[in-house]
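Visitor: I would like a close look at the aromatic rings in this model. Could you walk me through them, and then through a sheet as well?

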Amino acid sequence: QINIITNSNTFAIDEVSSPITFQLEDKNGDPVPTSENKTFYLHSTSSEGKFSIDNENWSDSNVLAVTLPQGFASINFYYKDLNIGNPQIVISDFEMLDPINGEDSGLINAIQEQTLTIGSPYQIKINNTETSLTAGQVSSSLLIGLYDLAGNVSITNEDQTISLQTEDILGEFSLSQTNFEQGIFETTIESGLAALDVYFNHKIAGTHEIIASGLGLVEAKKTIQINPGNFAKFGFTDESIELITGDITLVNIESQDKYGNKVPVDRNIRVYLYTSNGYGEFSAQSNFGSTIRYVTMPLNSDSSSFYFKQNKYFADQKIILSDNSGQPDSVGIIDGKKQVNLLSGSITSLSIEKESINAKAGEEIEINVYAKNEFNISVPAVNTIPLYLWGEGEFSLQNGENWLAINQADFMAAELSLKLYYKENTVGNYILKIGDDASNEIDEGFINKEINLNITPNNLAKLAITNQNQDLIAGQVSGAITIEVRDAFNNTISVN
């Protein structure tokens with residue numbers, strides 16, 4: 001007969017039995033060495049049972065043929081199984097199709113029952129059947145569970161940290177259906193438990209993959225479709241709007257749900273166009289043949305476009321989309337707003353506010369110099385521009401201070417203007433010249449700008465005798481003595 005002489009094993013499905021020994025015996029139970037090499041068959045009643053002689057190389061099925069060498073009465077083997085329960089191991093001297101109920105001819109078979117229990121946590125599963133949600137909608141519980149190698153629910157005997165995220169890191173998770181956290185969400189399945197309720201939402205429409213992972217565990221993935229919500233606001237298709245001040249650009253807009261997902265409008269709707277600081281124009285034509293105040297989105301459409309140009313530079317300028325025809329508002333459809341990055345372009349000329357100025361002698365004259373681009377719009381200087389100044393009076397870069405006979409000043413990069421001060425103390429007509437040439441005799445680069453100054457006397461300030469000194473004899477009548485009224489700068493003035 002064949003007999004298993006080791007005790008029955010109890011072990012988990014992710015473990016291997018201790019060595020199992022069978023031996024050949026006579027009818028008295030004494031071991032009998034075989035007189036020749038002899039083949040025996042190890043059978044399991046479990047379809048997932050596997051056998052090994054060395055605990056390294058395992059059978060492909062639940063049957064393994066082993067050879068008992070000549071002169072030996074026993075041999076060891078190992079057993080493992082992915083099915084929990086009580087499988088029976090049957091050892092015979094021929095292969096049996098039905099090891100339990102089949103004919104037992106030859107040597108009496110050995111039969112022993114093994115006990116397989118649930119394994120330790122090996123993998124994570126997401127037990128949620130939802131395939132789609134609306135943007136921002138809270139899912140039912142994802143029910144994150146721990147499972148052994150065979151997929152049986154497995155209670156952990158230590159706290160198990162679980163990390164949840166979507167592939168774009170923008171999914172949100174919560175343990176309570178409120179207070180959602182975006183990004184990588186970490187929680188714990190406590191010792192003695194096998195599962196945890198976690199809730200999910202995502203605000204960006206598209207196909208997203210939820211990933212649940214834990215140290216030493218096979219991660220779980222679940223694909224879910226996020227659909228747009230109801231039409232709630234206007235938005236911009238373009239990620240950024242950038243143009244040279246005065247130039248024309250195409251702007252693409254769209255209808256969106258409250259989270260910014262593109263969604264068709266549920267009615268014909270006018271989209272009124274505004275800018276935050278004015279001086280912006282809109283047109284349906286690339287050549288700006290005419291301007292418009294709005295574009296229309298027909299029912300079930302989700303986009304529109306228009307052409308835009310900005311006629312005055314602002315560091316902070318926005319295009320605003322609204323359903324209100326009077327002005328942007330905060331009711332109804334949420335207004336869309338987009339920052340416009342206005343560029344200077346190429347600086348092609350200089351400009352001044354006034355080409356002719358009347359002033360009094362000694363009076364401070366404020367002069368603002370501007371840089372203009374190829375569209376003749378004043379813009380910030382791209383680079384610092386050295387400017388040269390020619391006039392018979394005095395200049396200052398500070399109001400009322402540091403008056404000097406300077407002839408050079410820098411129009412600083414990123415500044416919209418250069419502010420100068422000038423004064424002339426003598427009555428007359430003068431030409432003040434500003435340019436980018438170091439010599440007054442040439443005019444290259446930017447065309448020089450000229451200011452015609454008409455300087456008139458200032459207010460009455462003193463009297464002056466204009467005659468030469470006279471030597472007289474006592475009693476002699478002098479020659480005519482001329483008295484003039486003058487301003488503080490000795491310019492003769494007329495009085496009324």
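**Aromatic rings and their surroundings**

Guide: Gladly! This is a predicted model, and it holds 13 aromatic pairs. A good one to begin with is formed by F173 and F200, a tilted pair with 5.3 Å from centre to centre and 45° between the planes. F173 belongs to strand β15 (residues 172-174) and F200 to strand β19 (residues 199-201), so this pair ties together parts that lie 27 residues apart in sequence. How is the tilted label reached? Planes under 30 degrees apart would count as stacked and over 60 as edge-to-face, with the rest called tilted; the pair of F173 and F200, at 45°, is tilted. Both F173 and F200 are buried.

Rings also gather in a group here: F22, F40, F51, F77 and Y79 make up one aromatic cluster. One of its members, F40, has a charged neighbour, as the charged end of K38 sits over the F40 ring, 5.8 Å from its centre. There is a similar arrangement at F288, where the charged end of K309 sits over the ring, 4.9 Å from its centre.

Now to the sheet. Four strands form an open sheet in the order β6-β4-β8-β9, and their pairing is antiparallel. Its edge strands are β6 (63-68) and β9 (110-113), each of which pairs on one side only. On average, neighbouring strands in this sheet are turned by 20° against each other, direction ignored. At the β9 edge, strand β8 (residues 88-92) pairs with β9 in the antiparallel sense over four bridges. If you zoom in there, you will find I89 opposite Q112 of β9.

Key. Residues numbered from 1 in each chain as written. Predicted model: local features only at pLDDT ≥ 70, side-chain atom pairs only at ≥ 80, totals over all residues. Heavy atoms only, no water. Phe/Tyr/Trp six-rings, centres within 6.5 Å; stacked < 30°, edge-to-face > 60°. Helix = DSSP H or I, 4+ residues; strand = E, 2+ residues; numbered from the N terminus. Buried < 20%, exposed > 50% of the residue type's maximum accessible area, 1.4 Å probe, protein only. Lys NZ or Arg CZ within 6 Å of the ring centre and 35° of its normal. Pairing = 2+ DSSP bridges. Axes fitted to C-alpha atoms, helices over the stretch in contact; angles between N-to-C directions.
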